[in-house]
Amino acid sequence: MAGNRTLAIIKPDALGSGKAGKIIAHLEAQGFKIICARVIHMTMAEAGAFYEVHRGRPFYAELVEFMSSGPCMPMVLQKDDAVAAYRTAIGATDPAEAAQGTVRKLYAESKGRNAVHGSDSDENARVEGTFFFGVAALV
Ligand code: CMP
């Protein structure tokens with residue numbers, strides 16, 4: 001059975017340009033409930049650890065640099081089938097390919113500066129939620 005939580009991040013581009021409120025309102029209107037939230041300015045080591053799964057890929061260094069360039073806003077969101085529902089709500093990684101009305105189509109600048117992150121599986125939602133919120137992400 002699909003889980004009902006996912007880990008979302010409003011990335012430094014969107015938080016820094018004042019889009020967090022609109023993105024949260026957009027998600028709440030689609031039925032997502034905020035379970036945990038914080039604002040954190042990650043070090044490069046923290047961003048590198050969060051994106052460890054991408055280490056070795058050509059965009060890894062740029063991704064770590066960007067995600068540690070300013071504050072971001074991780075959130076645990078709750079909704080039925082949360083991982084899939086959230087990925088549908090945010091759209092494709094590259095805003096040029098994202099469907100109309102999705103968060104990335106509305107608010108992302110580019111594939112790298114793409115406004116939001118979302119877990120890609122229930123297992124990663126638990127791992128990523130715990131990364132930022134410890135056990136509070138699970139209870
Ligand atoms: P995110 O959902 O946070 O997961 C990994 C991130 O790497 C992705 O969003 C993009 O912002 C970033 N990224 C940068 N370049 C690429 C690329 N060429 N392919 C995939 N992801 C990329």
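# A ligand and its surrounding strands

Tutor: A polar side-chain atom of Arg104 is placed 3.3 Å from an oxygen atom of the ligand. The model under discussion is a predicted one.

Student: What makes the approach of Arg104 to an oxygen atom of the ligand a polar contact?

Tutor: The cut-off for a pair of N or O atoms is 3.5 Å. The value for Arg104 is 3.3 Å, which is within 3.5 Å, and therefore the pair counts as a polar contact.

Student: Which distances apply to the side chains of Tyr51 and His117?

Tutor: For Tyr51, an N or O atom of the side chain is 2.6 Å from an oxygen atom of the ligand. For His117, the distance from a polar side-chain atom to a ligand oxygen is 2.9 Å. Each value is within the limit of 3.5 Å, so each pair is a polar contact. As for cover, the ligand taken alone exposes 460 Å², and the protein buries 80% of that.

Student: Which residues are around the ligand?

Tutor: Among them are Lys11, His54, Phe59, Leu63, Thr93 and Asn114. Tyr51, Arg104 and His117 also belong to this group. The space that the ligand takes is the largest pocket.

Student: His117 also appears in a strand. How do you know that strand 1 and strand 4 are paired?

Tutor: Pairing requires at least two bridges. Strand 1 (residues 5-10) and strand 4 (residues 116-118) are joined by 3 bridges, so they are paired, and they run antiparallel. Within this pair, Ile9 stands opposite His117.

Student: To which other strand is strand 1 joined, and over how many bridges?

Tutor: Strand 1 pairs with strand 3 (residues 73-78) in the antiparallel sense, over 6 bridges. Thr6 has Leu77 as its bridge partner, and Leu7 has Val76.

Student: What makes strand 1 a mostly covered strand?

Tutor: A residue is buried if its relative accessible area is under 20%. In strand 1, 6 of its 6 residues are buried. In a regular strand the side chains alternate between the two faces of the sheet. In strand 1, Arg5, Leu7 and Ile9 lie on one side, Thr6, Ala8 and Ile10 on the other, and all are buried. Both faces are thus covered.

Student: Why is strand 3 called largely enclosed?

Tutor: The reason is that 5 of its 6 residues are buried, so the rest of the structure largely encloses it. One of its neighbours is strand 2 (residues 33-37), which runs antiparallel to strand 3 and is joined to it by 4 bridges. In that pair, Lys33 has Gln78 as its bridge partner.

Student: Asp81 is in the loop between strand 3 and helix 5 (82-90). Why is Asp81 called partly exposed?

Tutor: The range for this term runs between 20% and 50%. Asp81 has a relative accessibility of 40%, so it counts as partly exposed.

Student: What makes the phi of Asp81 notable?

Tutor: Most residues other than glycine have a negative phi. Asp81 is not a glycine, yet its phi is positive, about 50°. Ala115 also has a positive phi, near 75°, and is a residue other than glycine.

Student: Ala115 is in the loop between helix 6 (103-107) and strand 4. How do you know whether Ala115 is buried or exposed?

Tutor: The limit for a buried residue is under 20%. Ala115 has 0% relative accessibility, so it counts as buried. Ser119, in the loop between strand 4 and helix 7 (122-133), has 0% as well and therefore counts as buried.

Student: What makes the pair of side chains of Ser119 and Glu128 a polar contact?

Tutor: Their distance is 2.7 Å. Since 2.7 Å is within 3.5 Å, the distance condition is met.

Student: Why is His41 called partly exposed?

Tutor: His41, in the loop between strand 2 and helix 3 (44-50), has 48% relative accessibility and so counts as partly exposed. The term exposed would require over 50%.

Key. Residues numbered from 1 in each chain as written. Predicted model: local features only at pLDDT ≥ 70, side-chain atom pairs only at ≥ 80, totals over all residues. Heavy atoms only, no water. Buried < 20%, exposed > 50% of the residue type's maximum accessible area, 1.4 Å probe, protein only. Helix = DSSP H or I, 4+ residues; strand = E, 2+ residues; numbered from the N terminus. Near = heavy atom within 4 Å. Polar contact = N/O pair within 3.5 Å; in protein donor to acceptor, adjacent residues only side chain to side chain. Areas by Shrake-Rupley, 256 points an atom, 1.4 Å probe, with all protein chains shown as cover. 1 Å grid on protein atoms, 1.4 Å probe; cavity = no way out; pocket = protein on both sides within 12 Å on 5 of 7 lines; lining within 4 Å. Sits in = over half its atoms within 2 Å of the grid points.
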